Amino acid sequence: MATVVLGSSLYGTALLTTSTILPQMQGALSATQDEIAWVMTFNILATAVVTPMTGWLVSRFGTRRVVVYSIGLFTLATLLCGMAQSLEMLVLWRILQGGAGAPIVPLSQSILFDTFPRRQHTMVMSVFGMAVAVAPAFGPVIGGYLAAMHSWRWSFYMLVPIGVCATIGMSWTLPPDNSLTKVRFDWTGFIALATALAAVQLVLARGVRLDWFDSMEIVIECLIAGLAFYIFLVHSLSAREPFLNLKLLTDRNYAIGLALVTIYGMLNFTPMVLLPPLLQQQAGFPDMLVGQVIGCRGVGMLVGFMTAGFMSRIDPRLSMAFGFGLQTAAGMWMLTFDLNVTMEVLVINSAIQGFAVGIVWVPITAVAFGTLDAKHYAEASAVFHLLRNIGSSFFISLSIAEIVRTSGANYSRMTEMITPYNRALTTPGMTGAWNFDTVPGLARVAKEILRQAMMIGYLNAFTMYTATSALAVVFALMARSRRT
């Protein structure tokens, strides 16, 4: 139990800690805001692509070997992330880190189920869930402190000793695998889907800087994505054993569950990517306080998961509507933020978001799998987790693109007002301490206009977050009760 919890906590801790240090990495690597977001989005996408391969990897190499090598490779990739000297190398190692960490959590649960007797499964999963939720709460706080005292690299280095201990502990404690049963893997469907997702992610990540379809690169990537997705659909509908069984979508609750888990992924990680740059670069918060804000989200998730256990007797549709309603309320609260927002407001809002995330996870799972035949659980679970990660990756890119687009547009509009012919600027009571007669004075005005333009962009992204949360409430109420 100790070694499994230690290993499975690594991925969540690394994800939240990385979001805390995004602003410092952006400055150190001379990256733009949309470019530094690749550190998060491509990591999540790699996890999404590799997760469905877990079953085949286990059948080919065995559970013990896959887990030990996954944690070992994850630890090595984490070390290389800390040593990266360029944005391209950092993104490459983050892709490796995401792919290596993908099998850890699903296999950790499988190991615990196989190790402990059935009568202890509820207790074991409760301990496992709470332990895995606690680590991400402390990771951002410690990572933010190390980043402020030393550099962002130490936020990665601090995870390396934990990964080494988990790797050694797993190799010593896990029992050897029994005889392996080879499972056929649909490489055609897998490669087609992975190519389509990677191409779409590149379009979303680079489109706003390349002016979308005015760029030949974006056009080519869209054509590749369309062709790969067409091959995936045709192959999935005609193959005897496809990579993902699309016929499962005929189950209404499962289809609604997939829509909900996609939205869950969209809402889960996006604030953790948007808030640190806003707080550190525009509002002037130090890295330690940013880490505390992200850490409070982890505390809220822990409380939410604990509360979800007591709400298991309630209709899951009501639980989901309540959780997504809380996220909608938190999003509407974020729409009132400005550059003078206080630490207390940020902490409470972040905790509410985390609490809502913890509340909705269990009922989403109950609705999605409640009406499916047990023989489909494995492949249905693969699609379920795939869409959760895809939702996170794509929505982060869309939010960053909206921030970059609207920030540039509003900066251009507001700078048009800084002119000698604007009578308002000739009135001392209107201009206050601003000075328009010198170059340093104009530079200070330009900096303030940029801050306000960026804030408008963030508010637009928060509007997307709020609207998506409200849409999830509608989907939650569309599900059918188990009794029907």
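**Exercise 1.** Is Trp212 buried, partly exposed or exposed?

*Solution.* The model examined here is predicted.
Step 1. Locate the residue: Trp212 sits in the loop between H12 and H13.
Step 2. Read its accessibility: the relative accessible area of Trp212 is 31%.
Step 3. Compare with the cut-offs: buried means under 20% and exposed means over 50%, with partly exposed in between. Trp212 is therefore partly exposed.
Step 4. Consider the backbone: phi of Trp212 is positive, at about 50°, although the residue is not a glycine.

**Exercise 2.** Determine the location, backbone angle and exposure of Ser30.

*Solution.*
Step 1. The loop between helix H2 (22–28) and helix H3 (33–36) contains Ser30.
Step 2. Ser30 has a positive phi, near 55°, and is a residue other than glycine.
Step 3. With a relative accessible area of 67%, Ser30 lies over the 50% cut-off, so Ser30 is classed as exposed.

**Exercise 3.** Classify Ser350 as buried or exposed, and list its contacts.

*Solution.*
Step 1. Ser350 belongs to helix H17, which covers residues 343–370.
Step 2. Its relative accessibility is 4%, and buried means under 20%; Ser350 is therefore buried.
Step 3. Leaving aside residues up to four places away in sequence, Ser350 touches Val293, Cys296 and Arg297.

**Exercise 4.** Describe the overall fold of the chain in terms of its elements, dimensions and contacts.

*Solution.*
Step 1. Count the elements: the chain has 20 helices and zero strands.
Step 2. Compare the radius of gyration with the globule rule: the chain gives 23 Å, close to the 23 Å from the rule for 484 residues, so the chain is as compact as a globular protein of that length.
Step 3. Take the principal axes: the C-alpha atoms fill a box of roughly 80 × 45 × 45 Å.
Step 4. Examine burial and contacts: 52% of the 484 residues count as buried. Of the contacts with a separation of 6 or more, 82% join residues 24 or more positions apart.

**Exercise 5.** Which residues of the largest nonpolar core touch the most other members?

*Solution.*
Step 1. This core has 125 residues, and Met25, Phe324 and Ile364 touch the most other members.
Step 2. Helix H14 (residues 252–282) gives the most to this core, with 16 residues.
Step 3. Take Phe324 as an example: beyond residues up to four places away in sequence, its contacts include Leu260, Ile263, Leu267, Val360 and Ile364.

**Exercise 6.** Describe the largest cavity and the second largest pocket by volume, lining and residue class.

*Solution.*
Step 1. The structure holds three cavities of 30 Å³ or more, and the largest cavity has a volume of about 60 Å³.
Step 2. Residues lining the largest cavity include Asp34, Trp38, Leu204, Ser397 and Ile400. Helices H4 (38–50), H12 (187–206) and H18 (377–415) each give two or more residues to this lining, and H18 supplies the largest share, three residues.
Step 3. By class, the lining of the largest cavity has seven nonpolar, two polar and one charged residues.
Step 4. The second largest pocket holds about 350 Å³ of space. It is lined by 18 residues, and Leu193, Phe229, Phe232, Leu386 and Leu387 lie nearest its centre.
Step 5. H18 also gives the largest share of this pocket lining, five residues. By class, the lining of the second largest pocket has 17 nonpolar, one polar and no charged residues.

Conventions: Residues are numbered from 1 along each chain as its sequence is written. This is a predicted model: local features need pLDDT of at least 70, side-chain atom pairs count only at pLDDT 80 or more; totals for chains, interfaces and linings use all residues. Side-chain values use heavy atoms; hydrogens and water are left out. On a 1 Å grid over the protein atoms alone, a cavity is a set of points where a 1.4 Å probe fits but cannot get out, and a pocket is an open set with protein on both sides within 12 Å along at least five of seven lines; lining residues have an atom within 4 Å of a point. Grid points are joined across faces, edges and corners, and a volume is the space filled by probe spheres set on the points. Helices (H or I, at least four residues) and strands (E, at least two) are DSSP runs, numbered from the N terminus. Ala, Val, Leu, Ile, Met, Phe, Trp, Tyr, Cys and Pro count as nonpolar, Asp, Glu, Lys and Arg as charged, and the others, Gly among them, as polar. Buried means under 20% relative accessible area, exposed over 50%, partly exposed in between (1.4 Å probe, protein chains only). Contact means heavy atoms within 4.5 Å. A nonpolar core is a set of buried Ala, Val, Leu, Ile, Met, Phe, Trp, Tyr and Cys residues joined through side-chain atoms within 4.5 Å. The radius of gyration is taken over C-alpha atoms; the globule rule is 2.2 Å times the number of residues to the power 0.38.
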